[in-house]
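Q: I should like to learn how the features of a protein model are read. Could we work through one together?

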Amino acid sequence: MYMSACPQIDVTENVKRIEERVAQAALRAGRRPEEIRIMAVTKTVEPARINEAVAAGLRLLGENRVQEMLSKLEDYDPRAEVHFIGHLQTNKVRKIVDRVGMIQSVDSLHLGREIERCLVPSGRTLEVLVEVNVGSELSKSGVAPERAAELVAALAELPHLRVRGLMTIPPLEATGEETRGYFRRIRKLLVDISNQNIDNVSMDILSMGMSADYELAVEEGSTLVRIGSALFGRRPRL
């Protein structure tokens, strides 16, 4: 199911507005705006609308669902890079490992090992992020913050995976200052793991911040924000 094209939603203008706000947030934090990548989150959005965002300058797309992703890939502007950002079941790994530039939602060694197993035939190396459940929410996937360093170290032993950093989603009901606190916690975790100098681990990507909180995330160190509704409008409930 795709969103219907909405004449009142100007994707190109939304891209400009988001880029401006990201730049302003970066400058407030003493950062360079070019340090932050903007991802278009494409769940339920039709390819034509997604390609408008690509034409406007966004080159990174985030897919949440395997079947939807596979049905849309061939229609995407070839300039776009696609990452998988949703919860990934091990029985679907083989369908996507050769179709995406990164998996941002690795939350267990079991999943990491399945990704490794599926990469062996091609010999390809795939970049991954470890998803951290920063709010310890039962309804969300992600490794507990206190287990994240252990998981990173274990994944680093898999020769066809390269750990590039962390991804997180704070609790939706959190206040602005609570959300800022969650972002600070994950930034500190990223730095702490980076300081361990684990082989095959870069820890240079911090994927946090969505439509409602991406400016806060940039102020607190995010290098990649994932934007859906602020770009394409509200999605229908499925």
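**Reading the fold and its core**

A: Let us begin with burial: 50% of the 238 residues in the chain are buried. Please bear in mind that this is a predicted model.

Q: What radius of gyration would a compact globule with 238 residues have, and what does the chain have?

A: The general idea is to set the computed value beside a rule for globules. A compact globule of 238 residues would have a radius of gyration near 18 Å, and the chain has 17 Å, so the two agree. Along the principal axes, the C-alpha trace spans about 50 × 40 × 35 Å.

Q: How many helices and strands does the chain have?

A: There are nine helices and eight strands. As to contacts with a separation of 6 or more, 63% of them are between residues 24 or more positions apart.

Q: How is a single strand read, taking β1 as the case: which strands are joined to β1 by bridges?

A: The general idea is that, in a regular strand, side chains alternate between the two faces of the sheet. One then looks at cover and at pairing. Strand β1, residues 37-41, is mostly covered, with four of its five residues buried. Four bridges join β1 to strand β8 (residues 224-227), and these two strands run parallel; here Ile38 has Val225 of β8 as its bridge partner. Three bridges join β1 to strand β2 (residues 60-63), again in a parallel arrangement; here Ala40 is partnered by Leu61 of β2.

Q: Through which helix does the chain cross from β1 to β2, and what is the hand of this crossover?

A: The path leads from β1 through helix α2, residues 47-55, to β2, and this β-α-β crossover is right-handed.

Q: Which residues touch the most other members of the largest nonpolar core?

A: The core has 67 residues, and those that touch the most other members are Ile103, Ile115, Val130, Val152, Leu166 and Leu231. Helix α1 (residues 11-28) supplies the largest share of this core, six residues. A second, separate core has nine residues, among them Met39, Val41, Ile85 and Ile205.

Q: With which residues is Val130 in contact, leaving aside its neighbours within four places in sequence?

A: The contacts of Val130 include Val106, Val143, Leu151, Val152, Leu155, Val163, Leu166 and Met167. Gln104 and Gly165 are also in contact with Val130.

Q: How is the exposed surface read: what share of it do carbon and sulfur atoms supply?

A: The chain exposes about 11300 Å², of which carbon and sulfur atoms supply 47%.

Conventions
Residues are numbered from 1 along each chain as its sequence is written. This is a predicted model: local features need pLDDT of at least 70, side-chain atom pairs count only at pLDDT 80 or more; totals for chains, interfaces and linings use all residues. Side-chain values use heavy atoms; hydrogens and water are left out. Buried means under 20% relative accessible area, exposed over 50%, partly exposed in between (1.4 Å probe, protein chains only). Two strands pair if DSSP finds at least two bridges between them. A crossover is right-handed if, with the strands pointing away from the viewer, the path from the first strand over the helix to the second runs clockwise. The radius of gyration is taken over C-alpha atoms; the globule rule is 2.2 Å times the number of residues to the power 0.38. Contact means heavy atoms within 4.5 Å. Accessible areas come from the Shrake-Rupley method with a 1.4 Å probe; for residues, only the protein chains shown count as cover. A nonpolar core is a set of buried Ala, Val, Leu, Ile, Met, Phe, Trp, Tyr and Cys residues joined through side-chain atoms within 4.5 Å.
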